[in-house]
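Me: I am new to this structure and would like the reasons behind the labels. Please take them one at a time.

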Amino acid sequence: MGFIGKSLIQKMSELNFDIITVDIIDGDVTDQSTWEKLPDADVVIHLAGKTFVPDSWSSPSSFIDTNLMGTVCALEYCKKRKSKLIILSSYLYGNPDILPIPESSKIVTPNPYAFSKKLAEDACRFYSEMFGIQVTILRPFNVYGPGQDDKFLIQSIIHQVLNSSFINVKDLEPKR
């Protein structure tokens, strides 16, 4: 179970929602048979995916497979079960021309991870237009909190503040 999924499941449980969870031990999200085993749901919150941008450079196809095809399988589930889909995408605006960044800003895919998320969003739009699936796409970026791996930006900075005499940020160019 991923970082965001753990927190979301905890909160939804506290609010007494009926929850069906799928983790990697339950099957491959890119395999339609994994989805076919699931009971009906009114809403699917699709969080499964590969996320660490540096890894996407060494294995672009695995990011596209997981992030696009996993989403297509979720969309097929929603089409068959008449479910709504909420999907977490990503920050897709590159280095913006203006701040704050409006949602209408140009989409940029400067790495394989972003490209895979853009393809997943395109699939969502297609299924929404062609099959009437209600889709909500969320684009969070720099999500952080307790339990997140220190390799991610904000968590890395927090770890350095707590455990080091200096802070090393790899890229000072991005602005958000």
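**Labels and their reasons**

Reply: This is a predicted model. Its three strands make an open sheet, ordered E1-E2-E3, with parallel pairing.

Me: What makes strand E1 and strand E3 edge strands?

Reply: Strand E1 (43-46) and strand E3 (135-138) each have a single partner strand, so one side of each has no neighbour in the sheet. From one strand to the next, the twist averages 10 degrees.

Me: How do you know that E1 and E2 pair?

Reply: Pairing requires at least two bridges between two strands. E1 and strand E2 (residues 84-88) share four bridges, in the parallel sense. One of the bridge partnerships joins Val-44 to Leu-85 in E2.

Me: Which pattern does the protein chain follow along the sequence?

Reply: The pattern is α-α-β-α-α-β-α-β-α, made up of six helices and three strands.

Me: Why is the radius of gyration said to agree with a compact globule?

Reply: For 176 residues, a compact globule would have a radius of gyration near 16 Å, and the protein chain has 17 Å, so the two agree. Along the principal axes, the C-alpha atoms fill a box of roughly 55 × 35 × 30 Å.

Me: Why is Ser-116 called buried?

Reply: Buried means under 20% relative accessible area. Ser-116 has 0% relative accessibility, so Ser-116 counts as buried. Ser-116 is part of helix H5 (residues 112-131). Leaving aside residues up to four places away in sequence, Ser-116 touches Phe-63, Ile-64, Asn-67 and Leu-68. In the protein chain, 30% of the 176 residues are buried.

Me: Why are Asn-16 and Lys-82 called exposed?

Reply: Exposed means over 50% relative accessible area. Asn-16 has 68% relative accessibility and therefore counts as exposed. Lys-82 has a relative accessible area of 73%, so Lys-82 is exposed. Asn-16 sits in the loop between helix H1 (3-14) and helix H2 (32-36), and Lys-82 in the loop between helix H4 (60-81) and E2.

Me: What is said about phi in Asn-16 and Lys-82?

Reply: Asn-16 is not a glycine, yet its phi is positive, at about 65 degrees. Lys-82, also a residue other than glycine, has a positive phi near 60 degrees.

Me: What kind of peptide bond joins Leu-99 and Pro-100?

Reply: A cis peptide bond joins Leu-99 and Pro-100, with omega about -10 degrees. Pro-100 belongs to the loop between E2 and H5.

Notes. Residues numbered from 1 in each chain as written. Predicted model: local features only at pLDDT ≥ 70, side-chain atom pairs only at ≥ 80, totals over all residues. Heavy atoms only, no water. Helix = DSSP H or I, 4+ residues; strand = E, 2+ residues; numbered from the N terminus. Axes fitted to C-alpha atoms, helices over the stretch in contact; angles between N-to-C directions. Rg over C-alpha atoms; globule rule 2.2 N^0.38 Å. Buried < 20%, exposed > 50% of the residue type's maximum accessible area, 1.4 Å probe, protein only. Contact = heavy atoms within 4.5 Å.
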